[in-house]
Amino acid sequence: MNPTNTSVAELSGNGQLVYGCDYNPEQWDPAVWQEDVRLMKEAGVNLVAVNIFGWAELESSPGTYSFDRLDQVLDLLHAHGIGVNLGTGTSSTPAWLTTLHPEILPESAAGVRAWPGGRQAWCPSSPRYREHALRLVGEVVRRYGSHPAVRLWHVSNELGCHNALCYCDVSAAAFRDWLAARYGTLDALNSAWGTAFWSQRYSAWDQILPPRTTVSTNNPTQVLDFHRFSSDELLGYYRSEAEILREHSTVPVTTNFMVTAHIRNLDYWSWAPHMDVIANDHYLDHRLDSPIVELAFAADATRGLAQGQPWLLMEHSTSAVNWQPRNIAKVPGEMLRNSLAHLARGADGLCFFQWRASVQGSEKFHSAMLPHTGTDSRIWREVLELGSILAKLKEVAGTKVQSEAALIFSWEAWWAYDQESHPSSDVRYLDQVHALYKALWETGVTVDIVAPGADLSGYKLAVVPGLYLVREDEASALEMYVRSGGHAVVTYFSGIVDENEKVLTGGYPGAFRNLLGIRSEEFYPLTPGQTLALDNGSTASLWTEATRLEGAEARASFSEGHRAGTPAVTRNRYGAGTAWYIGTALDPAGIREVVAEAAGESGISVLDSPQGLEVVVRSSTDDGYVFLINHSDEEHKYAVHGHELITGEDVSHVVAIPAGAVRVVRTANPESPTHGLRTGQKDDESD
Ligand code: GLA
């Protein structure tokens, strides 16, 4: 990763934390640009993303380029010391291109071709699209590759946001090539896909199609491979743009990921090594139970993709978005809390979509740094406040988040887990991930998000939510970790199939049976709303299974229903470590209890109950920075010595964090992120 060795703070131009936004000057008259740069300076903006949707303006007809306006924008920004994160402009095709070549437009599983008129309407495998897009990339990089304002290349935009899965004939041919490279022979493919079932055997490559709409259910391995192919196809596209950029420019190259709850089509573990800087877009999702916990998860996952290095938040919002059913505006102080939660979890830069709120187009009700109301507004005042706080937090740049726990997360497992024809359509991968992560968040445990098979030796605790699909070496890595003294918590519907979606037989969960010391014979999902009491006071829903102990002890059993007396939560001593199994969907307090006990046993200190105070520590070799984000309506106190960077006050023993506020305390480098710091929040412990 990172062949250019770029640190995020370098992108600010002077080692500051990055503060910026998407800037779409093509939507405005040049007279407005002057006011824009003046206000950007006032806010402390140091990096803006331009030309994200610039294609139609740059190339008004095939091969006719006009760079005058973009020249002016880049020169103006440069004259004001504002750096540019330069889009290649290929994200949305101009109308002339899809009029000339409608075959570029992507096709749905049902064979319906999308129309132009929105954005990102192109088939990731289309050679015609690539020809035109890469020609534009060449023009842009030859013109701006050495422009002094340009600090970062922004390939396309949110690749795969709308068009990740295309089922057209061109995609079908590319899918077959991908399959031929993966399997080599048709026999190998037939065997991996289990085509003996339902007479699906292929006798020639050209019979194979993407998993288009059928009258029944599709072959699950075909569906899974189509996801893998589609992720690889867009990554291949990214790489072809990056190759041209690197040929003509030494500026670092990236694209904005979407590590978020509602987008799942790209396996970013395979993408990350190709980025010079890891960048993510994140928006609070009010369709979820706990949007701020999901924000923390996404930030931690982005840090995982960056292998613990600082990363860049390329987009978030100052207030409401426009694309959820109800677009909830942020309350005063919320934008600061969200921003510093990203920073606490390893971001060295915070950017927004977008600079100036649009007055036309479908995003005109999306918030921006400069709202429709103008500068006499709460949002603008909070934008100025955030800019000044980031300047005060400059020394945090380059420091690393320390964590003693890991959560194994897999996009592949997500694709496989959520397929049709499973025991219950009510159990979803991300729900399990979020439930377990939330329990850790509420007990105050900072978590690194890692890929299956990752080296876990540096962690005291590893949690494994719903790892339905797992390879043999990935399962062995977890087993080895526990055998040599690690602590693991595995949840239901983990370790069920191999990488080809083939069931691991002999009792569930095939891959983790020995590790967990249990054997389950059958799954008994519950009906919606049905719950079962456990003998430890917890409540189970959604899922049960017929579990037999084979070395493990039962830590909680069902106390009612047809599963009464059988284990629901187990704990197994394995080698020098322990492995817990949560074999049902526990209520939040129940999950917290298990996680807290496992964490405690592993030597991680935990909070007894949710406090609404988010505590994360970043540290360098000399200093620790304790981020304290108070999401609650009451003041909290936290025991720590040092210097508070936002108020500029020294802290001896205890810092108070007013309701809704954030504090960042520089302290002598804590030996570990938790020990000696989490000593209780509500009482003054100075004595
Ligand atoms: C994405 C896109 C932006 C904008 C925002 C709105 O992140 O990259 O262009 O559409 O969503 O939230």
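**A chat about a predicted model and its ligand**

Author: Start at the ligand. Glu363 puts a polar side-chain atom 2.3 Å from one of the ligand's oxygen atoms. Keep in mind that this is a predicted model.

Reader: How much of the ligand does the protein bury?

Author: The protein buries 97% of it. That is out of the 310 Å² the ligand exposes when taken alone.

Reader: Which residues surround the ligand?

Author: Here is the set: Phe53, Arg119, Asn157, Glu158, Asp281, Tyr283, Glu315, Trp323, Phe353, Glu363 and His366.

Reader: What about Asn157 and an oxygen atom of the ligand, how far apart?

Author: A polar atom in the Asn157 side chain is 2.8 Å from a ligand oxygen. For Trp323, a polar side-chain atom also lies 2.8 Å from an oxygen atom of the ligand.

Reader: Phe353 was in that set. What kind of peptide bond runs from Phe353 to Gln354, cis or trans?

Author: The bond is cis. Omega is near -5°. Gln354 sits in the loop between β11 (347-352) and α12 (378-392).

Reader: Where does β11 go in the sheet order?

Author: β11 comes between β1 and β10. The full order is β7-β6-β5-β2-β1-β11-β10-β9-β8. That makes nine strands in an open sheet, with parallel pairing.

Reader: Which strands stand at the edges?

Author: β7 (253-254) and β8 (256-257). Each has a single partner strand, so one side of each has no neighbour in the sheet.

Reader: How many bridges join β9 to β10?

Author: Three. β9 covers residues 279-281, β10 covers residues 311-315, and the two run parallel. Ala279 is placed opposite Leu312 of β10. Two residues from the ligand's surroundings are Asp281 and Glu315.

Reader: New topic. How is β16 placed, buried or exposed?

Author: Five of the five residues of β16 are buried, so the rest of the structure largely encloses this strand.

Reader: Which way do its residues point from β16?

Author: His487, Val489 and Thr491 point one way. Ala488 and Val490 point the other way. In a regular strand, side chains alternate between the two faces of the sheet.

Reader: Which strand does β16 pair with over four bridges?

Author: β15, residues 461-464, in the parallel sense. Leu461 has His487 of β16 as its bridge partner.

Reader: What comes in the loop after β16?

Author: Pro509 lies in the loop between β16 (487-491) and α16 (513-516). A cis peptide bond joins Tyr508 to Pro509, with omega about -15°.

Reader: Let's try another sheet. What is the order of the three strands in the antiparallel one?

Author: β18-β19-β24, and the sheet is open. β18 (531-533) and β24 (585-586) are the edge strands, each pairing on one side only. Two bridges join β19 to β24. Ser541 faces Ala585 in β24.

Reader: Where is Leu542?

Author: Leu542 is in the loop between β19 (539-541) and β20 (545-549). Its phi is positive, about 60°, although Leu542 is not a glycine.

Reader: Why does Leu542 count as partly exposed?

Author: Because its relative accessible area is 27%, and partly exposed falls between 20% and 50%.

Reader: What is the phi of Ser199 near?

Author: Near 60°, again a positive value in a residue other than glycine. Ser199 is in the loop between α7 (186-193) and α8 (220-248). At 69% relative accessibility, Ser199 is exposed.

Reader: How does Thr195 count, buried or exposed?

Author: Buried, at 1% relative accessibility. Thr195 also has its place in the loop between α7 and α8.

Reader: Which residues is Thr195 in contact with, leaving aside neighbours within four places?

Author: Asn190, Gln200, Arg201, Tyr202 and Asn219. With Asn190 there is a polar contact, side chain to side chain, at 2.7 Å.

Reader: Last one. What pLDDT does the protein average?

Author: It averages 95, and 97% of the residues score at least 70. Over residues 671-687, though, the pLDDT is below 50. That stretch has 46 contacts in the model beyond near neighbours in sequence.

Reader: So what should not be read in detail where pLDDT is low?

Author: The predicted coordinates.

Notes: Residues numbered from 1 in each chain as written. Predicted model: local features only at pLDDT ≥ 70, side-chain atom pairs only at ≥ 80, totals over all residues. Heavy atoms only, no water. Pairing = 2+ DSSP bridges. pLDDT = per-residue confidence, 0-100. Contact = heavy atoms within 4.5 Å. Near = heavy atom within 4 Å. Polar contact = N/O pair within 3.5 Å; in protein donor to acceptor, adjacent residues only side chain to side chain. Areas by Shrake-Rupley, 256 points an atom, 1.4 Å probe, with all protein chains shown as cover. Buried < 20%, exposed > 50% of the residue type's maximum accessible area, 1.4 Å probe, protein only.
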